[in-house]
Amino acid sequence: MRFGPRLLTFLVVAILAASALLIAACGNDDDSGADDPGTGNGDDTAATDTPADDTDVSEGDRADASGSITVYSGRSEELIGPIIDRFEEDTGIQVNVRYGDTPELAATILEEGSNTPADVYIAQDAGSLGLLANENMLAAIPGDILGRVGTEYRAENDTWVGLSGRARVVAYNTEMVDPDELPGSILDFTDPEWEGRIGWAPTNASFQSFVTGLRVVEGEDTAREWLEGIRANNPREYPNNTSTVEAVASGEVEVGFVNHYYLFRFLEERGEEFESRNYYFEDGDIGGLMNVAGTAILQNTDNQLAAERFIEYMLEEEAQDYFATETFEFPLVTGVEVSFDVPALGDLDPVAIDLTDLEDLRGTIELLQETGVLP
Amino acid sequence: MAVLRGRPVQLNAPAIAVGLLAAAVAGAMLLPALYLLIRVFADLGASFDVMTGSRALTSLRDTVMLAAAAALGAVAIAVPAAWLTTRTDLPFARTWFVLLSLPLAIPSYIAAMTLVIFLGPRGMLQSWLEPLGVDRLPDIYGFWGAWLALTLFTFPYVLLPVRAALSSMDRSLEEASQSLGKSGIVTFVRVVLPQLRPAAAAGALLVALYTLSDFGAVSIMNFPSLSQQIYVQYRGTLDRDAAAALAILLVLVAVVVVVAEGFTRGRARYHPVSASRRPGRIRLGRWKWAALAYVGAIVSIALVLPLGVLAWYTSQGLAQGESLQAIREPGLNSAYVSLIAAIVTVLAALPVAYLAVRRPGIFSVVVERLSYSGYALPGIVIALTLVFFGANYAPFLYQTIPLLVFAYMVSFLPQALGATRASFLQINPKTEEAGRSLGKSPLHVFFRITLPQLLPGMTAAGGLVFLTVMKELPATLLLSPIGFDTLAIQAWDLSREGFFTRASFAASVLVIISAVPMLIMAIRERTPA
């Protein structure tokens, strides 16, 4: 028959694919077995804001931690992968990492409920950590680990701790803007002289965290006025920090409200002629809000010790040094030097704010919608 | 059973089996809607407020307009392109067809980004025009930017089925028209176009639903579509109930669109009455240059431009000593999982398409139409649906390849369905009846007569699914086995942090691998005399 060979090829391919599927299924069952919490009773309310004492263990136990943990990481592999590899080598604990967007991984953990395979969650901002803590998904972190970081960079109820600091800055186009003429406060960008010159990223989590900070520190009315004022200046909207910085460098806009470290990645790739630089706010202006990338242990972890060891390791000097040199972020543990061209954390004097307050994201979204910043 | 109501066909075992299979597939396709209902009913009052709020309704209107405009634009681009590459003596017609189908392989956020880099207010085009005193180009952001990006990168959804329909169309009708003294254009409008309607409508349906679900292009172009709002809810507040309420609106729109498409199909059946012959191609004559300019312009903007940007970044990276080695494993993973997903999805589409064409009735219509219900949903909704059902009801399958493939099937079955259905329509049932009258069993007839005639359509369907799975992100991120790295994941992971040079490696390889099924399809086509 004319179609015989074709049909045969098709069937062979189909059968091969089906068997590959089966093999993959078996292989994966072995993998996931190790992470299965096994005690999925569907009851997330068991979790409470337990104080650290309940789960506190001596450091000796933690140093002997072994086995494997699953980490849901909102930080990209590019930024955190190498230090996780070092952790595996140094401790013998196997780490399985799922990379994704910070809020989407948080939503995933909420959907998984008590069946979540995750032991540790790493977030790019404090807001998502706070939301998971509110849903009682997080376990308490022992006090000796928390103590490595200043109280302003960790949760009041011990459910999460910051790993590295990220400052809000204004990126400016070096050809179009003289940094000496930039205002001393972010609040002054509402001046009509900035009409048509500003770029921002209202759908982006880091911007929304900043607005939450603005509401907390300066009050709801000031936040509303600021949003309306900037909007009156017809800012251009971008989907994220990266595209905002890119637009500043190309001259599409003259200034952009972004996080500080994106610039350094562009400088690394494009060289010194990249036409954008950072402007840092000083004197505790809210424009220089210091947010954190942070981490937490899941309430349903089946390897609490290894999870603790992981977080402890990330707050040791080697890892903190890595964050400062490779990801251009501010180390949160005192005594670790910043090696790139930014003011030291001490000189910046960032605004005093309890980052736990950044969890009221819903209020921020509502304000952004009421002021027409978000549709 | 409702399958056979009113049909003078006896109820036999194979018919029941096909009905059950189709029902099972349709059931799987309903999971996202079920998940959304669970979320919405968690707080019905609040959800209702979200759904009927002016913000949601405005966004709904804008989104529907964008989808309609993109579908029209895609048909307007694709139908002439398909005709030029099948029916005329356009030079290198087959090569043009392959090039024209490739924009589909480019992820929408990359497509939109390259449009901004090129056509943005201070983009490349502006820098070329600067000596002429052009300081700034008009804004590309907003409705028209999103429309341009979506049209340019989804029109192959229309091109592929229309071209398939053109190639397998019975030419005797056209010859009859021409023998009656009608001109080429009149013949095209009066004879060819009506026969293309089912294929074009099926393609336009995919474009419209894809537009409803797209997040990449609308976020880069800053167009406040419903799917962008859904992402804002998830990302900003983790408010899954409010996000679900908005997503339900998308399901409702999808239902309306799908039903409307059903009406445009009519009851048309186009199968050849005689054996198909291939007469000579239409001479373009002096129109050849215009035709070349037309396909050339589309290929330049939708393919050469994004590939050029990727190549530029890649060359920058290579110059800095980056190695391509790192994308070997992700490349293999992407290709392998996409191939499995394509095969599974096409096989799942088969019973549904069969039922819809050969056993028309309420049951088959409902089953087929239901299969489209999830296609308008943004990827994150499908991904979270399967996170929810997988983690809580099938933990042994959760975050394994089978569940990931299942997620792809739920996401992309409609792509396979359109092409498979269209090729079923072109099979003359008389050939099957002839087989049965010779005393062959229905299975025998299916495998020896029906399936071989379906293979071209199924290959096209599989190619579409393959391409789309290659670039799929949300489900891949959340549902793949841990450590299963793919090209789409790499391109995204690197580009979101601003490492464009390395992101472009992954993206380039992604596009190249996606081109493979297109090339195979084009090569296997017999060159007309």
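Of the 529 residues in chain B, 55% are buried, a value that, like the others in this report, is computed from a predicted model. The secondary structure of chain B consists of 24 helices, with zero strands. Its radius of gyration is 23 Å, which agrees with the value near 24 Å that a compact globule of 529 residues would have. Taken along the principal axes, the box filled by the C-alpha atoms of chain B is roughly 65 × 65 × 50 Å. The contacts within chain B reach far along the sequence, in that 83% of those between residues at least 6 apart join residues at least 24 apart.

For chain A, the domain assignment gives two domains, and each of them is written as two segments of the sequence, as set out in the table.

| Domain of chain A | First segment listed | Second segment listed |
|---|---|---|
| Domain 1 | residues 47-165 | residues 291-343 |
| Domain 2 | residues 166-289 | residues 361-370 |

The centres of domain 1 and domain 2 of chain A, taken over C-alpha atoms, are separated by 28 Å. Where these two domains of chain A meet, 19 residues of domain 1 are in contact with twelve residues of domain 2. On the side of domain 1 that touches domain 2, at least two residues are supplied by each of the helices α5 (102-112) and α6 (126-134) and by each of the strands β5 (160-173) and β10 (290-298) of chain A. By class, that side of domain 1 of chain A has ten nonpolar and seven polar residues, together with two charged residues.

Methods. Residues numbered from 1 in each chain as written. Chains lettered and ligands numbered in written order. Predicted model: local features only at pLDDT ≥ 70, side-chain atom pairs only at ≥ 80, totals over all residues. Helix = DSSP H or I, 4+ residues; strand = E, 2+ residues; numbered from the N terminus. Rg over C-alpha atoms; globule rule 2.2 N^0.38 Å. Buried ≥ 20, exposed ≤ 12 C-beta atoms within 10 Å, placed from the backbone. Contact = placed C-beta atoms within 7 Å. Domains from an automatic or database assignment. Nonpolar A, V, L, I, M, F, W, Y, C, P; charged D, E, K, R; others polar.
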